[in-house]
Amino acid sequence: MINSGFLYIHGHDKNFRPNVIFNAKIYFDLNTNSQDSKKIKFSKYDWFNSSLFILQFLEDFVSIPGQIEEWNIIVDLNGVSIFSIPEDLKVIIYQIQLFFNFRLGNIYLLNSNYFSKFLFNLAGNFIISKIKNRLFLINSNNNFSELFGNIDRNQIEKKYGGTCE
């Protein structure tokens, strides 16, 4: 599950905060019902434990001991509708926010569509101001240029407009 690429650490921003990449499509593909009996299925507890393992690894081995460091969360929504995200994924994201609240830096939602932006603007009044000010909805039509205000291109993969392999 960890090797699937649904959640991994890649690069850092200009302030040396690590980037945590979450690929919603991989999660969705591995967690939906399919006629292909060889498709891997995992429980929400498997997903949650894997996510906690990776984030705890980041806290224990990448962060400076005794310091509260923030992370950038980059969520790739390519190929996934906001309405098709399974409920257990929403619970996992909520629990990660709960356990690692002080670690959350900027949150970038990549490949978000215009409807996502509309929903964000509509729900903006209900989002905690700390998160609202750090949440960026970025569409691939602008070559992810908003992403590079805080993160150098050499720290981002090519599929997200960067220069890293």
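**Exercise 1.** Which residue lies over the face of Phe148, and at what distance from the ring centre?

*Solution.* First, a word on the model: it's predicted, so local features need pLDDT of at least 70 and side-chain atom pairs count only at pLDDT 80 or more, while totals for chains, interfaces and linings use all residues. Numbering starts from 1 along each chain as its sequence is written, and side-chain values use heavy atoms, with hydrogens and water left out. Now look at Phe148: Arg153 lies over its face, 4.0 Å from the ring centre. For a charge to sit over a ring, NZ of Lys or CZ of Arg must be within 6 Å of the ring centre and within 35 degrees of the ring normal.

**Exercise 2.** Describe how the rings of Phe57 and Phe61 are arranged.

*Solution.* Start with the rule: rings of Phe, Tyr and Trp (its six-membered ring) pair if their centres lie within 6.5 Å, and planes under 30 degrees apart are stacked, over 60 edge-to-face, the rest tilted. That rule gives five aromatic pairs. In one of them, Phe57 and Phe61 sit 5.1 Å apart, centre to centre, with 40° between the planes, so the pair is tilted. Next, find them in the chain: both are in helix α2 (residues 44-62; a helix is a DSSP run of H or I, at least four residues, numbered from the N terminus), four residues apart, about one turn.

**Exercise 3.** Are Phe57 and Phe61 buried or exposed?

*Solution.* Buried means under 20% relative accessible area, exposed over 50%, and partly exposed in between (1.4 Å probe, protein chains only). Phe57, at 40%, is partly exposed; Phe61, at 63%, is exposed.
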